[in-house]
Amino acid sequence: MNVDHPICTVLRLVLETTAPLSIASGRADPRFDVMLARDANGLPFLPGTALAGVLRGLAAATGEDDTRVEDLFGREARRAAARPTEPAGLEASRLQVSHGLIHDWRDRPVEETLASFDPNDAILALAAQVQPDRRDNVRLSHRGVVDGRGKFERAILPPGYRFTTELTLWSPDPDGAAVDIALLRRLIVHPAFRLGGATRRGCGAMKPVQAWTATWDLREPEGLLDHARHDRRLAAIPPKDGPLAAIELAASAAGDCLTVNLALTPEDFWRVGQGDEPLVARAGRTPDLLQVTGRRVVWKGHDAVLTRDIVLPATTIKGALAHRVAFHFNRLNGRFVDQKGGVADDNPAVEALFGHVHQREGSAVDAPENEARAGRVLFDDARLSCDKIGPMVGHMTHNSIDRFTGGVREGALYEEELIFDQPVQLIMTVMRPQDPALEGTIRQALVRALDDLLGGRLGLGAGVNKGHGFFSGERGALAPLREWAAAS
């Protein structure tokens, strides 16, 4: 016990991934670009450093005072000029964060070292694979096609997996502990609480499904004895008569976020990416071009089963919208192709909304304008259950055209599997919508790009040039964004 911080508060959480998870191990592998971080059992886990870093960064991003953030999460060096009365030096975080342990199919955290996996446990067997699932990524050029230098893939853990972690907070007094725990609870249910990589491309979203907490004053004998009863093993389910009490962590509207839910109805066929298996089994040849799908864990009580979904990846939505935002921003500001500076490169609207990592030509590496910044717009994958899609799958046969003669190439017949008449839900969140960096034409460009999407003028996925991938939707859903753009 630290005599300066005798109040101990424990917050134990069960977190469920609502999107693919991609926390990189940092190790090189000749087969894959990004590998998952794994524990001693070879199972994915949530590193405590990732949890602590996200909580700290999110606290700062949501407007918490720097002094309070440093007081809670520690500091490397105090700024003597800003606070001359305080001694210089380092200070450890008052918050201790454990690793997050993955759950098995019976909803129990896997804490012990396993000699082998339960043969009935399909979800652990999948998680233990070198590549449980993967997310292909390509960078689009200003011409709307793949940039040959921008192809990479990430290993991901499918959504639905659960993890148990524990936060321990040391405070000087009970009132301070209550304020800090209220902050942590708010951050955990915040729309931007996402772990790992590609969080702006649909990965890393989580929700708490169970939570327990307790606070002890270790200066008092009763508090010390009650604290000793606390079982620190994450695999131990807190008993009803134990020191930890169950609490509810319900998501609430975040004042620093603007979230819109758009219902997209396809106007014709659509397909995204290249999948590995057909949606509908049939006799004969398997189609050459398949819709990308992804697995998902579904919990029925405390038992888990694996299902398969059709996926409209967030990367597909983000890439198309980014290019259309650039178009509208250039149009609104009179930036044309014959002017110096280009139309697609260094676009202020794209950088402000979707982030950037590049270095500007002719500027120093450490110049402020070269600082990498995460995007302010968050997207989630749109998913459809494969169990309900059977009647809505079609097949289209194509002839490959000889570019020299203009005729059909012999033996080059191919077929693609397509989806139609299935609405999808697109959820998009704008962080810090009142940030001055999001000036008027940037906001208007985003709203007009989304209006193009809902009006059937912006295609998603493959085959856009032959009429696939166009959607329509109720434009009234953009009302909050229109008010936001007009208020600027």
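User: Before we turn to this predicted model, what is a polar contact?

Analyst: A polar contact is a pair of N or O atoms within 3.5 Å; within protein, one must be able to donate a hydrogen and the other to accept it. In this predicted model, R38 offers a case: a polar atom of its side chain lies 2.5 Å from the backbone oxygen of Q129. The side chain of R38 also reaches the backbone oxygen of A127, at 2.8 Å.

User: Where does R38 lie along the chain?

Analyst: R38 belongs to the loop between β1 (7–17) and α1 (48–61). In sequence R38 and A128 are 90 residues apart, while their C-alpha atoms are 8.8 Å apart in space.

User: Which residues does R38 touch, leaving aside those up to four places away in sequence?

Analyst: R38 touches L43, P44, F45, A127, A128, Q129, V130 and P132.

User: Is R38 buried or exposed?

Analyst: The cut-off for buried is under 20% relative accessible area. R38 has 19% relative accessibility and therefore counts as buried.

User: How is a pair of aromatic rings described?

Analyst: Such a pair is described by the distance of the centres and the angle of the planes. In this model, a search of the whole structure finds three aromatic pairs. One of them joins W270 and F471: the ring centres are 5.9 Å apart and the planes stand at 55 degrees, so the pair is tilted. This pair links distant parts of the chain, with W270 in the loop between β9 (257–266) and β10 (293–300) and F471 in strand β19 (residues 471–472), 201 residues apart.

User: Are W270 and F471 buried or exposed?

Analyst: W270 is buried, with a relative accessible area of 2%. F471 is buried as well, and its value is 0%.

User: What does the pair of F354 and F379 look like?

Analyst: The aromatic pair of F354 and F379 is stacked, with 6.4 Å from centre to centre and 10 degrees between the planes. This pair, too, links distant parts of the chain: F354 is in helix α7 (residues 348–354) and F379 in strand β14 (residues 377–379), 25 residues apart. F354 counts as buried at 8% relative accessibility, and F379 is buried with a relative accessible area of 0%.

User: What sits over the ring of W299?

Analyst: A charge can sit over a ring when NZ of Lys or CZ of Arg is within 6 Å of the ring centre and within 35 degrees of the ring normal. Here the charged end of R162 sits over the ring of W299, 4.4 Å from its centre. Likewise, R106 lies over the face of W105, at 3.9 Å from the ring centre.

Technical notes:
Residues are numbered from 1 along each chain as its sequence is written. This is a predicted model: local features need pLDDT of at least 70, side-chain atom pairs count only at pLDDT 80 or more; totals for chains, interfaces and linings use all residues. Side-chain values use heavy atoms; hydrogens and water are left out. Helices (H or I, at least four residues) and strands (E, at least two) are DSSP runs, numbered from the N terminus. Buried means under 20% relative accessible area, exposed over 50%, partly exposed in between (1.4 Å probe, protein chains only). Contact means heavy atoms within 4.5 Å. Rings of Phe, Tyr and Trp (its six-membered ring) pair if their centres lie within 6.5 Å; planes under 30 degrees apart count as stacked, over 60 as edge-to-face and the rest as tilted.
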